[in-house]
Amino acid sequence: MKELLALLKQNARLSNAELAAMLGKTEQEVAAEIADLEHAGVIRGYSVILDEELADRDAVSAYIELKVTPQPDCGFDELARIIANFEEVESVTLMSGGYDLGITISGTGLRDIAGFVAQRLATLDGVLSTRTHFVLKRYKEKGIFILEEPDDERGVYL
Amino acid sequence: MNYQELMSKRAQDIAPSPIRKYFDLAETMDNVISLGVGEPDFRTPWPIRSAAISTLERQSIFYGPNSGMMQLREEIAHYMERRFNLPYCPENEILVTIGGSEAVDLTFRTLINPGDEVLICEPSFVCYAPLVRMADGIPVSLPTKEENNFRLTAEELRAAITPKTKLIMLSYPNNPTGAIMRREDYEPLVGILRDKDIFVLSDEIYCAMTYGTKHCSIAEFEGMRERTIVVNGFSKTFAMTGWRLGWMAAPAPIIEQARKIHQYAIMCAPMISQRAAIEALRHCDAEVAHMIEEYDHRRRFLLERFDEMGLRCFEAQGAFYLFPSIESTGMDSETFCETLLHEERVAVVPGSAFGECGKNNIRISYAYSLKHLTEAAVRIERFLKKHRS
């Protein structure tokens with residue numbers, strides 16, 4: 001299972017036949033294993049990694065640090081769920097350290113994001129403070145190079 | 001000055017690398033995908049690099065003991081014992097060298113008298129025959145066959161031995177074929193060699209890269225240790241090619257002679273690399289296992305793709321090479337490689353570079369990312385379609 005997941009993390013578009021060849025299994029076995037992983041909720045979905053600049057020149061992303069008051073019965077979960085429900089929000093994580101929730105959002109412009117933070121996030125019950133960091137450039141995401149891959153410096157020596 | 005007249009005949013008689021010209025050409029072309037290199041694509045695992053950095057920060061880099069640091073020799077002995085059940089004494093049976101290549105050269109220079117014959121299993125890495133010649137020996141090629149999975153058979157060995165045979169050169173897991181020798185394949189050879197005054201040089205530089213089977217060394221057999229020189233190194237196993245570090249393990253009288261040559265020519269292997277290598281042997285099993293797992297995925301991926309495109313390929317179980325047969329195209333390996341480079345911009349190595357018996361094959365290295373291999377396979381498939389119809 002670990003090997004299969006490692007391969008899918010590198011490239012989720014590998015076909016079952018290709019995965020089967022690489023793992024020394026049958027296509028049916030791979031299909032069943034993936035179905036099990038999806039069913040068990042280990043695999044939550046498949047997405048695509050883009051060079052956002054090429055895909056949409058106007059796209060803007062930001063990382064927002066949120067300090068919040070935990071609720072007596074459910075801690076941070078309820079607020080995190082509310083935030084996760086916003087369509088603009090790409091990820092929500094509970095963090096250790098100087099703040100509580102880390103959020104990534106994307107929009108079509110600076111104003112979009114500023115509006116979202118000021119009107120939707122900051123006003124939520126329990127949110128104490130926000131700090132917004134805009135993404136200037138992406139170099140690598142989920143193990144995939146967004147910039148050009150480093151040159152292969154190896155020569156050919158027999 | 002008339003250089004040709006004055007310089008060593010022996011040196012001038014060595015042929016330049018047969019593929020140099022062809023890869024120089026590849027370098028002038030755009031959009032070339034190479035499957036040509038013979039070294040890992042992985043970076044040296046971080047604990048090893050970190051050990052080197054801290055060596056630079058905290059130690060003076062002086063000359064070290066001629067045989068290599070004692071601590072390193074002890075770790076090498078542990079490693080050989082725990083991995084291959086091969087006990088060697090760190091005091092006088094292990095010599096740390098500049099890569100496996102120096103150990104190969106030292107072995108030839110230590111054992112060969114003028115006119116001695118050295119049997120070289122082919123296809124094989126290209127350095128053996130020239131180094132044998134430089135040591136005044138006579139290289140005798142011992143071709144292996146695809147139908148035997150490129151393993152050396154007892155009949156082939158028996159037929160090649162003459163009264164002048166001093167040494168037989170084995171390199172498994174093999175570059176370029178990816179062939180391995182299993183315990184049962186060595187047994188009949190051992191029966192022949194055990195009662196003869198013939199040495200065995202076993203180049204086991206790819207020992208960590210076996211898929212589905214555990215590496216077996218010919219030195220493990222009873223009666224073989226005393227006549228075998230095992231050469232190994234850090235380059236492939238730990239992705240440390242540029243660190244230039246290897247070793248030879250052999251009976252004490254052989255090491256004693258080899259050490260003299262090493263002492264005068266080399267002094268000692270690089271000390272930064274030696275300190276880093278101690279870390280490699282102690283703490284990097286998990287990193288190595290991870291690399292091997294990835295190589296295996298790529299190996300299986302390419303074997304499957306070659307099968308789909310009808311390119312016959314022997315199922316290599318070692319190293320990081322495949323050696324498909326290109327006979328079905330009607331081209332010899334050099335023509336195939338040149339045409340493939342021009343038409344599809346894929347650079348691979350002609351099998352003929354590794355011996356006459358490789359002339360119908362090409363060497364494919366899978367020390368590349370899956371993405372890279374996928375694109376190369378698409379191009380090769382297109383090329384084959386075109387040239388078969």
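**Exercise 1. The nonpolar core**

Task: State which residues of the largest nonpolar core touch the most other members.

Solution.
Step 1. A nonpolar core is a set of buried Ala, Val, Leu, Ile, Met, Phe, Trp, Tyr and Cys residues joined through C-beta atoms within 7 Å. A residue is buried if 20 or more other C-beta atoms lie within 10 Å of its own, exposed if 12 or fewer, and partly exposed in between, with C-beta atoms placed from the backbone.
Step 2. The largest core holds 122 residues, and those touching the most other members are Met169(B), Met248(B), Leu302(B), Leu322(B), Val346(B), Val348(B) and Tyr366(B). Helix 12 of chain B supplies the largest share of this core, 6 residues.
Step 3. Another core, of 13 residues, lies apart from it and includes Ala62(A), Val92(A), Leu101(A) and Ile103(A).

The model is predicted: local features need pLDDT of at least 70, side-chain atom pairs count only at pLDDT 80 or more, and totals for chains, interfaces and linings use all residues. Residues are numbered from 1 along each chain as its sequence is written, while chains are lettered from A and ligands numbered from 1 in the order in which they are written.

**Exercise 2. Helix 12 of chain B**

Task: Determine what span is expected for helix 12 of chain B, and what the buried residues of this helix pack against.

Solution.
Step 1. Helices (H or I, at least four residues) and strands (E, at least two) are DSSP runs, numbered from the N terminus. The expected span of a helix is 1.5 Å times one less than its number of residues.
Step 2. Helix 12 of chain B covers residues 285–308, so its 24 residues should span 34 Å; the end C-alpha atoms lie 35 Å apart, in agreement.
Step 3. Its buried residues include Met291(B), Tyr295(B), Phe301(B), Leu302(B) and Phe306(B). In chain A, the buried residues of this helix pack against helix 1 (2–10) and helix 2 (16–23); in chain B, they pack against strand 9 (321–322), strand 12 (362–365) and helix 14 (370–388).
Step 4. Just after helix 12 of chain B, Gly310(B) has a positive phi of about 70°.

**Exercise 3. Domains of chain B**

Task: Describe how chain B is divided and how many residues of domain 1 of chain B are in contact with domain 2 of chain B.

Solution.
Step 1. Domain bounds come from an automatic or database domain assignment. This assignment gives chain B domain 1 (3–44 + 286–388) and domain 2 (60–283).
Step 2. The centres of the two domains of chain B, taken over C-alpha atoms, are separated by 25 Å.
Step 3. Two residues are in contact if their C-beta atoms, placed from the backbone, lie within 7 Å. On this basis, 33 residues of domain 1 of chain B are in contact with 35 residues of domain 2 of chain B. Helix 12 of chain B gives the most to the side of domain 1 that touches domain 2, with 6 residues.

**Exercise 4. Strand pairing in chain B**

Task: Follow the pairing from strand 3 to strand 8 of chain B and state where it is parallel or antiparallel.

Solution.
Step 1. Two strands pair if DSSP finds at least two bridges between them.
Step 2. Strand 3 (residues 117–122) runs parallel to strand 5 (residues 165–170) of chain B, with 4 bridges; Glu117(B) stands opposite Thr165(B).
Step 3. Strand 5 of chain B is also joined by 4 bridges to strand 6 (residues 199–203) of chain B, again running parallel. Here Met169(B) stands opposite Leu201(B).
Step 4. Strand 6 and strand 7 of chain B pair in the parallel sense over 4 bridges. Strand 7 (residues 228–233) of chain B is mostly covered, with 6 of its 6 residues buried.
Step 5. Strand 7 and strand 8 (residues 246–249) of chain B pair in the antiparallel sense over 4 bridges, and Val230(B) stands opposite Ala249(B).

**Exercise 5. Backbone exceptions in chain B**

Task: Locate the cis peptide bonds before Pro123(B) and Pro176(B), and decide whether Ala319(B) and Arg345(B) are buried or partly exposed.

Solution.
Step 1. Most residues other than glycine have a negative phi, and most peptide bonds are trans.
Step 2. The bond from Glu122(B) to Pro123(B) is cis, with omega near 0°; Pro123(B) lies in the loop between strand 3 and helix 7 (128–134) of chain B. The bond joining Asn175(B) and Pro176(B) is cis, with omega about 20°, and Pro176(B) lies in the loop between strand 5 and helix 9 of chain B.
Step 3. Ala319(B) has a positive phi of about 55°. This residue counts as buried because it has 31 C-beta neighbours inside 10 Å.
Step 4. Arg345(B) has a positive phi near 55°. With 16 other C-beta atoms within 10 Å, Arg345(B) is partly exposed.
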